[in-house]
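Subject: Structure handover, with notes on cavities and aromatic contacts

Dear colleague,

I am passing on the structure below, and I would be glad if you could read the notes that follow with the coordinates open beside them.

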Amino acid sequence: PLPTAAGGGGAGAPERPYELVVFGASGFTGQFVVEEVARAAGGGELRGALRWAVAGRRREKLQAVLERAAERLGKAALGAEVGVLLCDVGDAASLAAAARQTRLVLNCVGPSRFFGEPVVEACVENGVSCIDLSGEPRFLEGMYLQYDGTAAEKGVYVIGSCGFDSIPADLGVLYTRDKLKGTLTAVESFLTVQSGPEGSCVHDGTWKSAVYGLADQDNLRKLRKRIGCAPVPVVGAKLKRRGLVFYDQELKEYSVPFMGSDVSVVKRSQRYLHTELQETPVQYGAYVNIGGLGSVVKLMFAGILFLLLVKCSFGRKLLTKYPEFFSAGRFTKKGPTQRQVTDCFPSQLLNKFLTVVVE
């Protein structure tokens with residue numbers, strides 16, 4: 001994904017106590033990010049020691065996350081170089097104070113439409129780059145419209161979609177373009193989710209993002225009109241949009257459009273590469289495989305109910321209060337277990353199947 005501003009990363013800024021801070025470290029996603037940062041910091045993957053911290057509302061929860069990470073990595077404890085910062089997304093002063101102590105914030109708090117902007121604002125105003133995992137198009141494009149100019153002036157980056165949405169899609173298109181002979185003009189991806197013996201589920205933070213995202217489609221269209229980006233030119237045959245449900249002959253499965261941020265993120269990257277670097281833009285479509293005809297029937301009934309409920313506030317409250325019931329157990333408030341994450345997530349990444357059109 002491309003940055004909100006092409007600045008200098010805060011070059012020339014005074015030295016700060018930490019090089020990065022994981023904000024929302026005690027949340028479901030944050031605990032995994034903390035573990036991976038600790039793994040990289042202690043595994044010799046970086047040039048020199050990493051000065052980093054965890055941030056959140058409660059010290060005891062943050063300490064518990066650090067202890068969990070140390071246990072998972074087979075250590076007695078993490079080093080003294082890991083700090084603990086207390087701040088709250090509802091307290092602008094505490095966010096600003098935390099931002100002033102680092103060069104980079106990894107934001108793990110969501111849904112971003114409710115909790116993301118205060119973090120972005122604190123980072124930009126205090127000359128700090130910000131990376132998050134948000135796959136919510138309205139938030140991503142709203143932050144671009146609101147903070148791009150200030151971020152450029154401050155020389156910092158605000159980069160969204162740095163998770164499953166939408167790194168595999170964005171980098172997958174570039175990788176395919178670089179590896180194929182000829183001029184790549186279009187790519188379609190088909191996602192297949194495979195699970196291990198314990199099955200699979202998704203944390204309900206993603207469910208909430210989907211609920212409010214679908215309810216807010218009209219405002220997203222208005223936002224895009226305000227941004228006013230020129231259409232990305234089409235090179236070669238135009239990539240046709242597929243139907244809401246269709247049968248793919250190559251994969252022998254039914255598929256539906258992928259509802260995340262992949263398409264909008266790839267389009268933005270391709271627009272930048274075309275306008276700034278004069279590269280040939282690549283068209284992109286994203287889909288999810290759902291299986292056989294029985295799965296199609298189930299999805300149709302569930303989809304109709306879902307779309308009816310997201311249109312009113314009472315329906316949205318029901319959907320977000322009972323995610324397991326309305327998603328048939330695919331989304332839960334507890335999220336996947338460690339075993340489910342280990343078994344399932346690599347399969348999701350590896351099953352991005354790309355079909356390409358080369359001129």
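A residue is called buried under 20% relative accessible area, exposed over 50%, and partly exposed in between. Please bear in mind that this is a predicted model.

By that convention Phe 114, with a relative accessible area of 45%, is partly exposed, and Phe 115 at 32% and Tyr 212 at 22% fall into that class as well. Ring pairs join Phe 114, Phe 115 and Tyr 212 into a cluster. The ring centres of Phe 114 and Phe 115 are 6.3 Å apart with the planes at 70°, so this pair is edge-to-face; for Phe 114 and Tyr 212 the centres are 4.9 Å apart and the planes stand at 85°, so that pair is edge-to-face too. The latter contact links distant parts of the chain, since Phe 114 belongs to helix α4 and Tyr 212 to helix α8, 98 residues apart. Over the whole structure, the search gives ten aromatic pairs.

Two arginines also meet aromatic rings: the charged end of Arg 68 sits over the ring of Phe 32, 5.3 Å from its centre, while Arg 242 lies over the face of Tyr 287, at 5.9 Å from the ring centre.

As for internal space, the search finds two cavities of 30 Å³ or more. The largest has a volume of about 90 Å³, and β1, α3 and α5 each supply at least two residues of its lining, which consists of eleven nonpolar residues, with no polar and no charged ones. The second largest holds about 30 Å³, and helix α11 gives the most to its lining, with three residues.

Best regards

Technical notes
Residues numbered from 1 in each chain as written. Predicted model: local features only at pLDDT ≥ 70, side-chain atom pairs only at ≥ 80, totals over all residues. Heavy atoms only, no water. 1 Å grid on protein atoms, 1.4 Å probe; cavity = no way out; pocket = protein on both sides within 12 Å on 5 of 7 lines; lining within 4 Å. Points joined across faces, edges and corners; volume = space filled by probe spheres on them. Helix = DSSP H or I, 4+ residues; strand = E, 2+ residues; numbered from the N terminus. Nonpolar A, V, L, I, M, F, W, Y, C, P; charged D, E, K, R; others polar. Phe/Tyr/Trp six-rings, centres within 6.5 Å; stacked < 30°, edge-to-face > 60°. Buried < 20%, exposed > 50% of the residue type's maximum accessible area, 1.4 Å probe, protein only. Lys NZ or Arg CZ within 6 Å of the ring centre and 35° of its normal.
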